[in-house]
Amino acid sequence: MRLSVIGCGYLGAVHAAAMASIGHEVVGIDVDERKIESLSKGLAPFFEPGLQEILQEGIASGRLTFTTDLAAAAGAKVHFVGVGTPQVKDGYAADLTYVNAAVDGLLPYLSPGDLVAGKSTVPVGTAARLAESVTPTGATLVWNPEFLREGFAVQDTVDPDRLVAGVPSTSSGAVSDEGARAADILREVYHPSVAKNTPFIVTDYATAELVKVSANAFLATKISFINAMAEIAEVTGADVTQLADAIGHDARIGRRFLGAGIGFGGGCLPKDIRAFSARAEELGRGESVNFLREVDAINLRRRDRAVDLVVAALDGVVFEKKVAVLGAAFKPHSDDIRDSPALDVAVRLKGLGADVVVTDPAAIENARRIHPQLTYNEDLDATLKDADAVIVVTEWDEWRRELAPEHAASLVKATIVVDGRNCLDAAAWRAAGWTYYGMGRP
Ligand code: UGA
């Protein structure tokens, strides 16, 4: 099928390449000339395992092209809209400028029977509004949220755990004939997943929009829940990692996303819970999601806690002390530093006068652009050399598994380590002579 993908950021670039990899003819469109130039050469503009390979395969096959010209969307059967919805500068709400512009820009190129498939994360009610401008062209608007995780984006797109299609409904809320036809076209698009019986859930617009934001709100809540338990553990001497293991054995709870530490960041969870709160307020239901403010507050407090641990470990004086910061990306297997708790901790330590040196296997270039005031070193040993304290803020395997605590001890000035992700083997580090501080652990 011929497809267009409007917006070639994280979501769009991966979606375009993944759709080409399952046999579709895809044109990716973005206003950013540099991004398009890079993608056209088969170079992924960000670090995402497996993306480069499917980009190059798609381009070599002739099925995948990129352009800045929106007119190239003409002739595609399905037009995916995957542009960003960042947090507005002066509040919590989502900025819909790019979504509105993408849909408006597409209108002249739509043919009757086409689908416009929104993938961006939007406040509930957006699809119904956008449908008012799409419907007169004879095309159908659907909302098809995306659940990919950075670091696993290709796998999550090619083989998702569920597909959701928000389609036009009748006044009684049932799927309309137009909606049923639209869902069938999406089934054709995602044919490999449909063939393997991946759940394909057809809903109305509002439900599809809410599925996306509520999934992220739930995940954020789960992380802040365990971080709240970490705060209690800290004043009682309990160990939050053992607690998480124990409650995680209950299948109704589950162990995943119960990793206590410096909390969540990235381009999705933080802004999505804020946009959800803002939208709920607009709908007169602010109190229903008031807890998300608390989820946000707990999350941000964990960054303070990590900084406090370093300061306390250095007897209250960090001025001109060398602190080796291991990590900059908001999570491993990513070079994304958007709202990164890791960098936030580094910046705060620097603000206290510490001589901060940051290392990261993938994110240094991005970090340097946004925080040029920090010192970076690509070499882990050089970063550790003569450090007065070490803090782990992103759980890369480079130090989680591969760094021997004895070797690290031979490099630093003082064997103090703060494990901001509870990812090191505390017993092994202690046995190697380190004073180990975890998050929510004795
Ligand atoms: C998140 C969701 O997991 C995806 O399902 C969703 O599609 C995506 O947002 C999106 O809306 O586009 P992502 O931002 O890639 O994906 O990252 P996550 O894996 O969810 O991690 C988010 C943050 O939570 C990271 O900073 C991570 O370190 C932190 N985290 C995660 C914890 O602090 N503890 C945990 O136990 C798990």
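The radius of gyration used here is taken over C-alpha atoms, and the rule for a globule is 2.2 Å times the number of residues to the power 0.38. The exercises below concern a predicted model.

**Exercise 1. Overall form**

Determine how the radius of gyration of the protein chain compares with that of a compact globule, and describe the chain as a whole.

Solution. Begin with the chain length: for 442 residues the rule gives a radius of gyration near 22 Å, and the protein chain has 23 Å, which agrees with a compact globule. Next, take the extent along the principal axes, where the C-alpha atoms fill a box of roughly 70 × 50 × 40 Å. Then turn to secondary structure, for which the protein chain contains 18 helices and 14 strands. Of the contacts between residues at least 6 apart in sequence, 72% join residues at least 24 apart. Finally, consider the surface: buried residues account for 53% of the 442 residues, while the accessible surface comes to about 18600 Å², with 54% of it belonging to carbon and sulfur atoms.

**Exercise 2. Charges and their pairs**

State how many positive and negative side chains the protein chain has, and work out which parts of the chain are tied together by the salt bridge between R302 and E234.

Solution. First, count the charges: there are 43 positive and 59 negative side chains, and the centres of the two sets lie 2 Å apart. Side chains of opposite charge can pair when their charged atoms come close. In this structure there are 29 salt bridges.

Second, examine R302 and E234, whose closest N and O atoms are 2.6 Å apart in a salt bridge. Because R302 belongs to helix α12 (residues 291–313) and E234 to helix α9 (residues 205–236), the pair ties together parts that are 68 residues apart in sequence. As for their surroundings, R302 is buried at a relative accessible area of 1%, whereas E234, at 23%, counts as partly exposed.

Third, take R441 and D239, which form a salt bridge with their closest N and O atoms 3.5 Å apart. This pair links distant parts of the chain, since R441 is in the segment after β14 (435–437) and D239 in the loop between α9 and α10, 202 residues apart. D239 counts as buried, with 17% relative accessibility. Elsewhere, salt bridges that share partners join R274, D296, R303, D304, D339, D344 and R348 into one network.

**Exercise 3. Buried or partly exposed?**

Using the cut-off of under 20% relative accessible area for buried residues, classify D156 and R149.

Solution. The side chains of D156 and R149 meet in a salt bridge with an N to O distance of 2.8 Å. D156 has a relative accessible area of 12% and is therefore buried, but R149, with 30%, counts as partly exposed.

**Exercise 4. Two loop residues**

Locate G263 and T121 in the secondary structure, and identify their contacts beyond neighbours within four places in sequence.

Solution. Start with G263, which has its place in the loop between α10 (240–248) and α11 (269–282) and is buried, with a relative accessible area of 5%. Beyond those neighbours, G263 is in contact with I223, N227, N299, P341 and R421. A217, which is 46 residues from G263 along the chain, has its C-alpha atom 14 Å from that of G263.

Continue with T121, which lies in the loop between β5 (115–118) and α5 (126–134). T121 is likewise buried, its relative accessible area being 14%, and its contacts, with the same neighbours left aside, are T85, K212, V213, K271 and D272.

Conventions: Residues numbered from 1 in each chain as written. Predicted model: local features only at pLDDT ≥ 70, side-chain atom pairs only at ≥ 80, totals over all residues. Heavy atoms only, no water. Helix = DSSP H or I, 4+ residues; strand = E, 2+ residues; numbered from the N terminus. Buried < 20%, exposed > 50% of the residue type's maximum accessible area, 1.4 Å probe, protein only. Contact = heavy atoms within 4.5 Å. Areas by Shrake-Rupley, 256 points an atom, 1.4 Å probe, with all protein chains shown as cover. Lys, Arg positive; Asp, Glu negative; His and termini not counted. Charge placed at Lys NZ, Arg CZ, Asp CG, Glu CD. Salt bridge = Lys/Arg side-chain N within 4 Å of Asp/Glu carboxyl O.
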